[in-house]
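Below is a briefing on a single protein chain. Read it with the coordinates open beside you.

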Amino acid sequence: MTFAIHACKDGQSVVTMRISPEAAVDKARLLESLGWQVHIADSAGRRFVVLDFDRRLDFSAPASVQQHTETLSP
């Protein structure tokens, strides 16, 4: 599974890709600590916000994250 880390700050936006949930969370936390607004999207289209990062979610288990995710619009 792949994970896209979406970040925006001061009119700029970047997207970086990671293949493990731990690497995605680490990159997202780094960007957030630098003042970026960040979310992670998985290959199934689920979106994870910063609040979820501290929980080290199992991104492969939809039931465990359903209450804290948003579905991305196509």
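In what order do the elements of the chain run from the N terminus on? The order is β-β-α-β-β-α-α-β. That gives the chain three helices and five strands. This is a predicted model, and every value below is computed from it.

**Whole chain**
- The chain has 74 residues, and 28% of them count as buried.
- About 4,600 Å² of the chain is exposed. Carbon and sulfur atoms supply 53% of that area.
- Take the contacts in the chain with a separation of 6 or more: residues 24 or more positions apart account for 40% of them.

**Strand pairing**
- Strand β1 covers residues 3-9 and pairs with β3. The sense is antiparallel, and the pairing runs over six bridges.
- Within β3, D42 is the residue that stands opposite F3.
- β1 also pairs with β2, again in the antiparallel sense, over seven bridges.
- Across that pairing, Q12 in β2 stands opposite K9.
- β3 pairs with strand β4, which spans residues 46-49. This pairing is antiparallel too and has three bridges.
- R47 in β4 is the bridge partner of A41.

**Strand β3**
- Is β3 largely enclosed or open? Strand β3 (residues 37-42) is largely enclosed by the rest of the structure, because five of its six residues are buried.
- β3 has paired strands in both β1 and β4.

**Hairpins and turns**
- β1 and β2 form a hairpin with two residues between the strands.
- D10 sits in the loop between β1 and β2. Its phi is positive, near 50 degrees, and D10 is not a glycine.
- Most residues other than glycine have a negative phi.
- D10 has a relative accessible area of 72%, so it counts as exposed.
- A second hairpin joins β3 and β4, with three residues between them. In its turn, G45 has a positive phi of about 90 degrees.

**Nonpolar core**
- Which residues make up the largest nonpolar core? It has 11 residues: F3, I5, A7, A24, V25, A28, L31, W36, V38, I40 and F48.
- β1, α1 (21-33) and β3 each supply at least two residues of this core.
- The largest share comes from α1, which gives four residues.
- In soluble globular proteins, nonpolar side chains tend to be buried together.
- Core residue A7 touches Q12, S13, V14, L31, W36, Q37 and V38, leaving out residues up to four places away in sequence. Among these contacts, L31, W36 and V38 are also members of the core.

**S13 at the surface**
- S13 lies in strand β2, residues 12-18.
- Is S13 buried or exposed? S13 counts as exposed because its relative accessibility is 61%, and the cut-off for exposed is over 50%.
- Beyond its neighbours within four places in sequence, S13 is in contact with A7 and C8.
- S13 and W36 are 23 residues apart in sequence. In space, their C-alpha atoms are 9.0 Å apart.

**The R46-D42 pair**
- How many salt bridges does the count come to? The count is one salt bridge.
- R46 forms a salt bridge with D42, with the closest N and O atoms 2.6 Å apart.
- A polar contact of 2.6 Å also joins the side chains of R46 and D42.
- Side chains of opposite charge can pair when their charged atoms come close.
- R46 belongs to strand β4. D42 is in β3, where it stands opposite F3.
- Both R46 and D42 are buried.
- Why does R46 count as buried? Its relative accessibility is 12%, and buried means under 20%, so R46 falls in that class.

Key: Residues numbered from 1 in each chain as written. Predicted model: local features only at pLDDT ≥ 70, side-chain atom pairs only at ≥ 80, totals over all residues. Heavy atoms only, no water. Buried < 20%, exposed > 50% of the residue type's maximum accessible area, 1.4 Å probe, protein only. Pairing = 2+ DSSP bridges. Core = buried A, V, L, I, M, F, W, Y, C linked by side-chain atoms within 4.5 Å. Contact = heavy atoms within 4.5 Å. Salt bridge = Lys/Arg side-chain N within 4 Å of Asp/Glu carboxyl O. Areas by Shrake-Rupley, 256 points an atom, 1.4 Å probe, with all protein chains shown as cover. Polar contact = N/O pair within 3.5 Å; in protein donor to acceptor, adjacent residues only side chain to side chain.
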